[in-house]
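Here are a few notes to read alongside the structure. Take them in any order you like.

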Amino acid sequence: MSTKKTTHSGAARSLSGTYIGNSLKDKASGSDHAEQKPAAARRPAGGDGNGRGSKEPVKIIFLGGVGEIGKNMTAIEYGEDIVVIDAGAIFPNDETPGFDLIVPDITYLLENKSKIRGLVLTHGHEDHIGGVPYLLNEIRVPVYGTELTLALIDNKLREHKINGIKMNTIAPGDVIQLGVFRIQTVNVNHSIPGSLALSIRTPHGVIFHSGDFKIDLTPVGGEPIDLRTIGEIGDKGVALYLSESTNIERPGYTMSEKTVGATMDGIFADNVTRRIIIATFASNVYRIQQIINLAVKYKRKVALSGRTMISVVEAAEKIGEIKAPDDIFVDIGKIKKMADSELVIISTGTQGEAMSALTRMANGENSSVVVGDNDTIIISASSIPGNEKMIDRVINNLYRRGADVIYESIEKIHVSGHACIEEHKIVHSLVKPRFFIPIHGEYRHLKKHAELAEEMGMRPGSIIIPELGDCILLTSRGIRRGEQVPAGSRLIDGEGIEDEKASVVLEDRRQLSDDGIIIVALCVSGGEVVGEPAINSRGFVYDFHRDYQKEMMDVIKKTISTYDLSRGSIDELKKSIKRALYWYIQRKMKQSPMIVPIVVEI
């Protein structure tokens with residue numbers, strides 16, 4: 001098994017760890033890092049690296065992915081060493097209008113950036129890598145991931161024009177040393193190739209991080225989950241188990257990905273004269289491969305719709321994770337000349353995202369794909385919690401355009417990449433941890449997973465349900481909560497906004513969407529207001545049959561008449577107008593629009 005090390009777009013200057021086994025060693029150091037010293041030299045006095053006599057606890061810090069679905073990020077710290085696991089993102093919803101992306105608050109990492117020895121990525125889904133460029137833009141650290149994961153990261157770094165990042169390719173079975181942490185990678189099944197669990201040896205024992213996983217004994221690609229190695233790690237002793245909880249409410253086992261291929265084969269056979277459009281997650285490379293195989297079987301060409309879909313397929317094909325005939329793909333801009341029976345379109349947009357390819361098709365806004373009554377559209381995904389309304393809207397609009405729509409409640413056209421209850425029981429029984437922390441889920445998921453751990457024989461005192469910002473302290477004697485660290489969300493809008501401004505902007509946007517805006521404009525010359533104030537409103541509803549406009553004007557004029565500009569400032573005048581108008585509208589109309597006074601000095 002080979003291990004590769006590359007530098008993204010520039011000379012290597014960031015700190016890399018040491019590989020053990022099929023390894024090469026690199027001691028290059030970046031400007032953001034303290035010099036890499038031998039682990040023993042940096043270990044606090046009293047510890048021997050095996051959990052015997054160490055005085056300082058290992059800290060497990062949750063910066064994302066607990067109490068929520070997405071933006072996964074966990075930091076593990078001991079002494080002068082920190083390892084960061086994943087840096088994910090969440091796409092915005094109705095509660096975050098207008099933003100492009102939501103990523104973890106990295107205040108704690110910025111305050112301790114000299115300690116960070118590396119970013120280790122479990123796999124290439126957006127909820128685990130979407131925040132990587134925003135992290136690396138501020139903290140230059142080496143990145144470790146499997147081949148496809150790093151190919152997707154490379155695309156992101158190029159897009160964000162981030163250079164000089166050392167990226168280290170790892171594979172299942174590799175061992176890396178990052179400071180005091182010895183990390184062994186373990187193959188697991190998920191809905192994207194190159195997914196890993198991590199066995200992290202610390203001075204207080206092994207922390208086993210499941211990553212996202214399921215047990216698939218007949219995977220479309222790659223090897224089945226390495227239960228043997230997981231069992232061997234468990235036999236040697238696991239102090240703490242961190243396990244994903246996404247599907248913990250679902251009984252039984254998650255179906256194999258091959259089930260989807262069989263269902264889609266039947267749909268292709270039943271729709272030989274129709275055009276087929278399939279929306280799926282761009283990162284679900286195994287499913288895309290099955291669709292390509294069916295296109296070859298039924299003599300169809302494949303067109304890709306959506307920037308992310310094109311980017312992922314190109315990256316996966318380049319490294320051999322997707323295998324396709326040279327002439328199978330056609331440009332989406334040239335499909336109008338093709339017969340419906342000759343084409344299958346693979347699209348983004350399974351979650352009803354406003355600007356996704358499928359949503360634009362449903363709204364009649366996609367210039368390349370005009371949906372009609374000879375289209376069969378397959379939505380091959382399940383809804384992420386909170387996205388149900390957006391997905392339903394897309395399905396309804398596709399039906400309005402005459403298409404047949406097939407989705408999860410109609411056919412088995414999606415299987416999850418996450419373990420159900422019985423699979424969790426198997427891994428719990430193999431790991432046999434002393435302590436357990438459920439991760440990757442909303443609070444109800446974490447609670448259910450904690451209850452399952454109790455059913456498996458763990459004492460309630462050995463289980464902690466984490467909250468965002470929790471710092472859990474692990475020692476050879478036990479586990480407990482420490483002091484919280486700064487944590488939350490960074491709301492990305494275009495080039496990005498600062499954390500402290502994000503909440504203000506978000507509140508403004510919510511207020512605008514709920515109650516609209518009233519703009520009051522007036523001119524000041526020589527310390528006096530000249531002319532009539534002007535009132536404009538947008539998105540604000542009031543009874544036009546009553547003279548509220550005149551009454552609002554009277555309130556504004558009265559406020560101006562009682563204000564002496566020779567003694568007060570323009571800003572104070574604006575505040576007075578805003579305050580008076582606010583109370584009038586509250587009393588008369590029971591509404592709270594945003595009020596923006598504008599004063600022009602002439």
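1. Is C523 buried, exposed or partly exposed? C523 is partly exposed, as its relative accessible area is 30%; buried means under 20%, exposed over 50%, and partly exposed in between (1.4 Å probe, protein chains only). C471, by contrast, is buried at 5%. A search of the whole structure turns up zero disulfides, a disulfide being a pair of cysteine sulfur atoms within 2.5 Å.

2. A word on the source: this is a predicted model, where local features need pLDDT of at least 70 and side-chain atom pairs count only at pLDDT 80 or more, while totals for chains, interfaces and linings use all residues. Residues are numbered from 1 along each chain as its sequence is written, and side-chain values use heavy atoms, with hydrogens and water left out.

3. The mean pLDDT (the predictor's confidence in each residue, from 0 to 100) is 85, and 84% of residues reach 70 or more. Residues 9-53 fall below 50, yet this stretch has 109 contacts (heavy atoms within 4.5 Å) beyond near neighbours in sequence.

4. Now look at helix α7, residues 258-270 (helices are DSSP runs of H or I, at least four residues; strands are E, at least two; both numbered from the N terminus). V260, G261, T263, M264, I267 and F268 are buried there. Seen down the axis, the buried residues of α7 fall within an arc of 165° (taken from the directions from the helix axis to the C-beta atoms), so they line one face. They pack against several elements, including β15 and α8. On the other side, A262 and D270 are exposed.

5. T559 is in helix α15 and counts as buried, at 11% relative accessibility.
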